[in-house]
Structure formats: structure tokens, C-alpha cells
Amino acid sequence: MNTQSFTLAERLIPATYLQQAAASKRTRENLIRTLIEHKKWPEEGWDDSVIELFLNDLSQMDSNNFPGNSGVGERESRFASALVARRHFRMGHGIGRSGDIGEVQPKAAGSSLLIKLANALLLDTIRVMGVNNSAGCFLVPMATGMSLVLCMLTIKQDRPGAKFVLWSRIDQKACFKSIITAGLHPIVIETLMSGDELRTDLVSLESQMATLGSDNIVCVLTTTSCFAPRVADNLDPIAALCQRYNIPHVINNAYGLQSTRLMKLIQEAARKGRVDCFVQSTDKNFLVPVGGSIISGFDKSLLEKIAKNYPVSGARVITSMENREVCGYKFEGEQSK
């Protein structure tokens with residue numbers, strides 16, 4: 001209820017009771033206001049009632065929940081199952097529009113605000129965990145491997161003649177398959193045995209850089225967290241080599257967001273050399289039931305380019321009134337629906 005409703009309710013029950021109730025309601029609303037204002041995690045976690053209040057408020061901001069809305073327009077959220085609708089607080093618009101995952105949905109102010117806040121809280125997490133100067137991040141509904149594909153394909157656009165990815169070997173399929181899926185050629189850098197650990201072979205890595213030439217290399221793909229006896233790649237010297245040879249550097253940080261030590265390794269690597277982007281998993285680091293990933297980096301323009309290259313359904317038709325270039329392909333003239 002709003003202030004006017006509380007005033008009218010004084011005709012029915014004592015004002016003192018209503019004042020206590022209104023104060024309690026303001027306390028919850030102030031928590032929500034503080035979150036929107038500062039875009040950081042609260043010092044104390046919210047209880048379920050505040051979370052549900054906030055999600056219900058956001059839900060009412062989406063057009064499919066407007067009173068009297070018929071729900072037959074373009075981009076109109078619809079639910080076939082009442083169970084699914086309740087599970088998702090009747091928010092069904094999704095995120096992104098016009099082929100850009102970062103764009104705001106015109107008919108879903110609540111859902112759009114929710115994803116903006118989610119990205120802000122993820123960035124706050126990244127900075128709190130040790131990567132203080134991250135330029136930004138965004139959430140994508142894809143596994144880590146597919147997000148690495150998106151990053152590598154975006155980087156390749158500025159390196160049209162490149163086709164190789166230098167990859168410090170890790171015996172995990174997703175990393176290797178991400179290179180293949182991107183249509184690139186992996187150059188596997190075998191690790192070195194040091195005591196009971198497998199470490200990065202920096203000599204072989206630099207040798208391949210010199211042999212292949214930087215213009216032929218899309219990026220170096222490194223890994224932070226993995227299964228023993230493999231340990232995290234030597235990010236500092238690798239970043240320095242990438243900077244010296246002018247080669248992009250992508251970090252598979254799938255498990256690493258939960259580790260301040262690994263996050264500080266990324267921070268130091270970016271400070272001493274070159275790190276273009278790093279990718280982490282949502283289910284591994286946040287224990288959410290649905291997999292996704294977080295793409296972050298130190299160059300805001302690169303992050304925006306990666307986000308724009310994410311293919312969102314319902315992209316706007318390119319008409320004769322405009323010419324646009326998408327992923328290196330020039331669209332010209334009129335296209336019919």
C-alpha cells in the first residue's frame with residue numbers, strides 16, 4: 001500500500017498500528033532503494049520477504065502484467081503454464097533486444113532493471129574478490145566454453161588473417177572444443193613437470209609466438225583453476241609476453257571467481273601485461289541451478305563489442321533506410337520480413 005492507502009486505512013483500524021506497519025514497510029523499501037542507488041551487495045543479506053517484495057514489484061513493471069493487457073503484441077511475454085509463471089514471478093520477456101544482449105527491453109522495464117542490477121552486483125563481486133580495475137562484466141545464458149567461443153570470435157574480427165590459438169594444455173574437453181567450435185586451430189603447449197605439479201611451459205609458448213607471428217595468432221588461452229596435478233598458468237609472464245608480441249590474452253577462469261588468490265593473479269597479470277577478457281561460470285561460483293557465465297575484462301569497448309556479437313532472437317530487420325556492419329559482414333539495402 002502507498003501512503004494514501006495507509007491514511008485511508010486509519011478509518012478502519014487504529015493509526016498507531018498502521019504507523020508501525022508503515023515503518024516496517026519503509027524499512028524494506030529502503031533496502032531496495034539502497035540497492036538500486038549504490039548497485040552493490042548489501043552488508044547484510046535480505047530475508048525472503050524483501051526479495052519477494054522486490055521481485056513482485058519488478059514483475060509489475062513488465063507490460064505482460066499491466067492491468068487489462070491482452071498480451072498479443074510483438075515481444076509480449078506469454079506463459080502457457082501457470083506453474084512456470086509463478087516460478088519466474090511472471091517475468092518472461094528475457095533479456096536483450098535488437099540483436100544486442102545489453103539493450104533494454106521496451107516492454108519489460110522490470111526485467112531490464114533486474115539484469116542491469118545483476119550485472120552490477122556481479123561486477124561488485126569481481127572487484128571485491130580481487131580484480132579491482134575490471135572495466136565491467138555481463139551475464140550470458142551460456143556455458144563457459146561457449147562464452148570463450150564468443151570472446152575468441154569477437155577478437156578475431158580485428159585480426160582477420162589470424163587462425164591459431166595458443167593453448168596451455170589442460171585435460172578438460174570444453175577448453176579444447178571452444179577453440180574448434182570457433183573454427184580456429186589450437187596450438188597445444190604441453191605443460192612441464194615441476195615436482196608434483198604441471199606448470200606452464202613459457203619457453204615453448206614464446207617460441208610459438210615467434211614462429212607463427214603475432215598477426216597469425218588470434219589469442220593465447222590460459223586457465224586459472226583446474227584439477228591436480230595441473231596448477232594455474234603463470235599469468236604474469238604470459239601477460240607480459242602477450243603485451244610484447246601484441247597478442248590478445250583470454251583467461252578461462254571457470255572456477256576462479258570464488259578464489260581471491262586466483263582473482264588477484266588476474267589483477268596482477270593485467271597490471272604487468274595484457275589481459276583482454278576472462279570468463280567464469282555461474283553455477284560453479286554462485287551455486288545456481290542453471291548454468292551461465294560472466295564475461296569480464298579491462299577494456300570497456302571490447303566488452304561492449306562482445307556483448308553486441310551475442311546473437312539475441314528477435315533482432316530488428318535491416319531496412320533500406322540503413323546500412324549496418326555486423327561481425328564484419330556488410331548488410332545493405334532492404335530486407336523483407
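Strands β2 and β3 (residues 185-189) run parallel and pair over five bridges; helices (H or I, at least four residues) and strands (E, at least two) here are DSSP runs, numbered from the N terminus, and two strands pair if DSSP finds at least two bridges between them. Look for Leu166 in β2: its bridge partner in β3 is Ile187. Turn to β6, and you'll find that Leu166 has a bridge partner there too, namely Val220. β2 and β6 are joined by four bridges and also run parallel.

Before going on, a word about what you're looking at: this is a predicted model, in which local features need pLDDT of at least 70 and side-chain atom pairs count only at pLDDT 80 or more, while totals for chains, interfaces and linings use all residues. Residues are numbered from 1 along each chain as its sequence is written, and side-chain values use heavy atoms, with hydrogens and water left out.

Back to β2. Together with helix α7 (residues 173-181) and β3, β2 makes a right-handed β-α-β unit. Right-handed means that, with the strands pointing away from the viewer, the path from the first strand over the helix to the second runs clockwise. How many of the five residues of β2 are buried? Five of the five are, so β2 is largely enclosed by the rest of the structure. Buried means under 20% relative accessible area, exposed means over 50%, and partly exposed is in between (1.4 Å probe, protein chains only). In a regular strand, side chains alternate between the two faces of the sheet. Here, Phe164, Leu166 and Ser168 point one way from β2, Val165 and Trp167 point the other way, and all are buried.

Now for the charged side chains. The structure holds 13 salt bridges, each one a side-chain nitrogen of Lys or Arg within 4 Å of a carboxyl oxygen of Asp or Glu. Take Glu37 and Arg33, whose side chains meet in one of these at 2.9 Å, N to O. Both sit in helix α2 (residues 15-38), and because they are four residues apart, about one helical turn separates them. Glu37 is partly exposed at 46% relative accessibility, and Arg33 is partly exposed too, at 44%.

Another salt bridge reaches along the chain: the side chains of Lys305 and Asp158 meet at 2.9 Å, N to O. Lys305 belongs to helix α12 (residues 300-309) and Asp158 to the loop between α6 (144-157) and β2 (164-168), so this pair ties together parts that are 147 residues apart in sequence. Lys305 is partly exposed, with a relative accessible area of 25%, whereas Asp158 counts as exposed at 57%.

Then there's Lys272 with Asp236, a salt bridge at 3.2 Å, N to O. Since Lys272 lies in helix α10 (residues 260-272) and Asp236 in helix α9, the pair ties together parts that are 36 residues apart in sequence. Lys272 is partly exposed, at 43%. This pair also has company: Asp236, Glu268, Arg271 and Lys272 are linked in a network of salt bridges.

The loops have a few details of their own. Ser63 lies in the loop between α3 (48-59) and α4 (82-87). Is Ser63 buried or exposed? With 6% relative accessibility, Ser63 counts as buried. Setting aside neighbours within four places in sequence, Ser63 is in contact (heavy atoms within 4.5 Å) with Asn69, Glu76, His93 and Lys107.

Over in the loop between α4 and α5 (109-128) you'll meet Arg90. Arg90 isn't a glycine, yet its phi is positive, near 60°; its relative accessible area of 41% makes it partly exposed. Leu287, in the loop between α11 (282-286) and β9 (293-297), also has a positive phi near 60°, and Leu287 is exposed at 74%. In the loop between β6 (217-223) and α9 (235-245) sits Pro229, and the peptide bond leading from Ala228 to Pro229 is cis, with omega near 10°.

Finally, how far can you trust the picture? The average pLDDT, the predictor's confidence in each residue from 0 to 100, is 88 for the protein, and 91% of the residues score at least 70. Over residues 314-324 pLDDT stays under 50, and the model gives that stretch 26 contacts beyond four places in sequence. Residues 331-337 also have pLDDT below 50, with 16 contacts in the model beyond near neighbours in sequence. Where pLDDT is low, the predicted coordinates should not be read in detail.
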